[in-house]
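Take a look at the model below. A short tour of its pocket, its core and a few chosen residues follows.

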Amino acid sequence: ADLAGISDFERVLDRVRVWVHERQFQIGVQLLQGLATPDEAGGVYSDIAEVSLAALLPATIADFERRFGPPPGAGLAVVALGRLGSREMTGASDLDLIMVYDAPRDGVSDGPKALPVPSYYARLSKAVIAALTAPTAEGELYAVDMRLRPSGRQGPVATSLAAFARYQREDAWTWEHLALTRARVVAGPPDLAERLTAAIAVALAQRQGAPDILRDLAEMRTRLDAARPRRDVWDVKAGPGGLLDIDLCLQAGALATGLAAPVSPRATLGQLRAAGWLSVDGAGALGRCHDLLSAVQHIVRVAHEGPMKPGAIGTGLAETLTRATQSQSLAALETRLAALTEAAAGVIDARLRP
């Protein structure tokens, strides 16, 4: 509704930024005041990002096609992974995206400046990324991470549906399939979105029960801990039992048991417990740890810049953290963080043992 009647592309970019910043500020205030839970805030932050993508994609295509013609074939779809894929974004999350198109490889666009199909979609994808990342008079919108696309930094910015499906079936590494368990099409033509979703499901189904999943995950944990060791208990993302460690474990479980649709970590825990992949006690330990770490991360990312140091924060943030986590003091919260991450790490260690 805000964009109705705005035809100038630069004004569209500005208006989307204003709308997104206002909504992010609104949910941030509600989070800090205790009117929204961290879980609710994660869903709203994700809704905001998804709505902005759904608005910017057609606006970018309309601006692009004036020079290069309309999208050949079935068009371009945007796949979200990571926190947007599982709908648990924070106020500082970037967007993990993959761009997928479907058109004859030897085709050419029909516009004043005709482009071959691969060049057309590569340039269109870069235009979409620029619409999300470029600073305008109204500031920046989102950082975008494209490293999860097929072949990573060495791969094309946009991938054809056929090449994407073939890569995921034949060449993708385990860590790429772990990420794919969170994949969700968030913008693009419905028909292409349906076929892309089916291709993702096929690729994941082929890995169900594969014996190398847990072995590869164990190696990944070792490398991640060496490259980015936890600073202290307030560094809630890193280290054994941290958010990244729990997320990778749940993604491995989803891949091993064939959970098809991307869902939140809390829902994944329930499904893995029902499937027998996690024990009741193990799922409970991971759930309690994930809930506490997520609550701390959400609030710190809204109200604090840089690494969290309890002795250097104001009383307002301290009170907000203790209220949101139902802790008597920051010291008590610190003790709980240490105990729960240790318990979660123990569950993951035991699950990865041969």
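Is glutamine 326 buried or exposed? Glutamine 326 counts as exposed, because its relative accessibility is 75%. The cut-offs are these: buried means under 20% relative accessible area, exposed over 50%, and partly exposed in between, with a 1.4 Å probe and protein chains only.

This is a predicted model, in which local features need pLDDT of at least 70, side-chain atom pairs count only at pLDDT 80 or more, and totals for chains, interfaces and linings use all residues. Residues are numbered from 1 along each chain as its sequence is written, and side-chain values use heavy atoms, with hydrogens and water left out.

**Two positive phi angles**

Most residues other than glycine have a negative phi. Glutamine 326 has a positive one, about 55 degrees. Its place is the loop between α12 and α13. Helices (H or I, at least four residues) and strands (E, at least two) are DSSP runs, numbered from the N terminus. Arginine 87 also has a positive phi, near 60 degrees. Arginine 87 lies in the loop between α3 and β2 (95-102). Arginine 87 counts as partly exposed, because its relative accessibility is 34%.

**The largest pocket**

The largest pocket holds about 1200 Å³ of space. On a 1 Å grid over the protein atoms alone, a pocket is an open set of points where a 1.4 Å probe fits, with protein on both sides within 12 Å along at least five of seven lines; lining residues have an atom within 4 Å of a point. Grid points are joined across faces, edges and corners, and the volume is the space filled by probe spheres set on them.

The lining has 38 residues, and those closest to the centre are Leu148, Leu224, Lys237, Leu244 and Leu248. Helix α8 gives the most, with eight residues. By class, the lining has 15 nonpolar, six polar and 17 charged residues. Here Ala, Val, Leu, Ile, Met, Phe, Trp, Tyr, Cys and Pro count as nonpolar, Asp, Glu, Lys and Arg as charged, and the others, Gly among them, as polar.

**The core and α12**

The largest nonpolar core has 108 residues, of which Leu97, Leu286 and Leu321 touch the most other members. Helix α2 (residues 38-68) supplies the largest share, eleven residues. Such a core is a set of buried Ala, Val, Leu, Ile, Met, Phe, Trp, Tyr and Cys residues joined through side-chain atoms within 4.5 Å.

Leu321 is one of the buried residues of α12 (residues 315-324). These buried residues pack against α1 (9-32), α11 (280-303) and α13. Beyond its neighbours within four places in sequence, leucine 321 is in contact (heavy atoms within 4.5 Å) with residues including Val296, Met308 and Leu333.

**Three buried residues**

| Residue | Place | Relative accessibility |
|---|---|---|
| Arginine 182 | loop between α6 and β5 (184-187) | 4% |
| Threonine 174 | helix α6 | 7% |
| Valine 185 | strand β5 | 18% |

Arginine 182 has two side-chain partners. A polar contact of 3.5 Å links its side chain to that of serine 86, and another of 3.2 Å links it to that of glutamate 88. A polar contact is a pair of N or O atoms within 3.5 Å; within protein, one must be able to donate a hydrogen and the other to accept it, and residues adjacent in sequence count only if both atoms are side-chain atoms.

Valine 185 and valine 78 are 107 residues apart along the chain, yet 5.8 Å separates their C-alpha atoms.
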